[in-house]
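The following exercises introduce a protein model through its domains and its pockets. Please study the structure before reading each solution.

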Amino acid sequence: MDTNLFSKINTTISVKENDFITEEKFQNIIQSKDTETLAFILEATPYHLSIDVLENPSQTEISLMTKLVNDYRWAYAESPSDKIVTLFALRYVYHNIKVLLKSKAAIKKDFSKLLIPIGIFDIESLKHLVSSLHSDTLPDFMVHEVESIWNEYETFNNIRVLDVGADLAYFKHLKLLSNELGEVLSQVIVAMIDFYNIITVKRGLSQNKSHGDILQLLSDEGSISAKEFIYIVENQEIFVWFNKINPSLDSIFSTYELKMQDATISSSELEFLCDLLLYKTLDQGRYNVDGPLVLARYLLGCEFEVKNLRMIISALQNTIPFESIKERIRPHYGS
């Protein structure tokens, strides 16, 4: 990949990043005591969240996702390589596939409101794929995966097959994508898959699931085999695994490393740690003029900002003290 091709979009990003919520404004959002105060701050942002919108959870979600959809459309239109954008957009593609498969299984139920128009493959193409199990426009491996998922569903008649099948197909697609990306972005993909496996094992064992049941949920596309992830969690070696995928000695990870060492780290903390690792990995692109890391960092920043706003708004709407969600707030752009 010619890193010089990114000079133009990276210059544009240096301007667009001014639209991110600043540290000062973010602190004001956190300190908002009521919806009116929050609306006063957010209405002047690209999210345009008025009091009426904030008082309606479904409208709030639509506004947040509209901003994110527009960010991805811009990135696809301007990026010299759609693969960088797809790294982050692909989960929405497989979310849509999952929704469409469930709709097909339910027959009389319409889940179309759950579809999210993000991704290099448009929703109409995905609808045709799921309905016909055939496509002349989508990659053959996607057609094969969807066909396999549906055949397994018809065999077992279990809706859970659609969830698990779509998740594992997503990770297979991510792994294929990593072969076309540079070392840093490939590390990001490995981290995403590995953390999914670690968290899935941890939750499965806490629910007293058998090894066989847990194995069915795990991806084989990680840095080690699926069985090894079970061994790591059972034998309290998460810290050893983490140091292998994260050779950094950054002190920002120290609290989580201590919890890994004494086996007290929770699944939600592991989810946060995954995002923190992705953030720190891509933050090395902060001062790059060339190359794809600037765009990758920008898109991750867009994702985190929406995630943070969703949590803060929900907490305010449900009178949950900010202290209760403070540790779940993701790093925000430029922090």
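## Exercise 1: Two domains in contact

Between domain 2 and domain 3, the number of salt bridges is zero. The model is a predicted one.

**Task.** Describe how domain 2 and domain 3 meet, beginning with the domain bounds.

**Solution.**

Step 1. Locate the domains. The assignment divides the protein chain into domain 1 (1-78 + 303-328), domain 2 (81-180) and domain 3 (182-284).

Step 2. Consider the separation. A distance of 25 Å lies between the C-alpha centres of domain 2 and domain 3.

Step 3. Consider the contacts. With contact taken as heavy atoms within 4.5 Å, 14 residues of domain 2 touch 14 residues of domain 3.

Step 4. Consider the area. About 1,200 Å² is buried between domain 2 and domain 3, and carbon and sulfur atoms account for 75% of this area. On the side of domain 2, the three residues that contribute more than any other three are L87, F171 and K175, which supply 41% of the area that domain 2 buries against domain 3.

## Exercise 2: The largest pocket

**Task.** State the volume of the largest pocket, and identify the residues closest to its centre.

**Solution.**

Step 1. The volume of the largest pocket is about 1,200 Å³.

Step 2. Its lining comprises 38 residues, and those closest to the centre are R91, Y170, F171, Y196 and K307. F171 is also one of the three residues named in Exercise 1 for the area that domain 2 buries against domain 3.

Step 3. Two or more lining residues come from each of α5 (57-78), α6 (82-106), α9 (160-178), α10 (183-206), α15 (267-282) and α16 (293-317).

Step 4. By residue class, the lining of the largest pocket holds 21 nonpolar, four polar and 13 charged residues.

## Exercise 3: The second largest pocket

**Task.** Which element gives the largest share of the lining of the second largest pocket, and from which domains does this lining draw at least three residues each?

**Solution.**

Step 1. The second largest pocket has a volume of about 540 Å³. Among its 23 lining residues, E152, V164, G165, L168 and Q216 are nearest the centre.

Step 2. The elements contributing two or more residues to this lining are α8 (140-156), α9 and α11 (211-215). The largest share belongs to α9, with seven residues.

Step 3. Domain 2 and domain 3 each provide at least three residues of this lining.

Step 4. The lining of the second largest pocket consists of ten nonpolar, five polar and eight charged residues.

Definitions and conventions: Residues are numbered from 1 along each chain as its sequence is written. This is a predicted model: local features need pLDDT of at least 70, side-chain atom pairs count only at pLDDT 80 or more; totals for chains, interfaces and linings use all residues. Side-chain values use heavy atoms; hydrogens and water are left out. On a 1 Å grid over the protein atoms alone, a cavity is a set of points where a 1.4 Å probe fits but cannot get out, and a pocket is an open set with protein on both sides within 12 Å along at least five of seven lines; lining residues have an atom within 4 Å of a point. Grid points are joined across faces, edges and corners, and a volume is the space filled by probe spheres set on the points. Helices (H or I, at least four residues) and strands (E, at least two) are DSSP runs, numbered from the N terminus. Ala, Val, Leu, Ile, Met, Phe, Trp, Tyr, Cys and Pro count as nonpolar, Asp, Glu, Lys and Arg as charged, and the others, Gly among them, as polar. Domain bounds come from an automatic or database domain assignment. Buried area is the accessible area (1.4 Å probe) that two parts lose on being put together, summed over both. A salt bridge is a side-chain nitrogen of Lys or Arg within 4 Å of a carboxyl oxygen of Asp or Glu.
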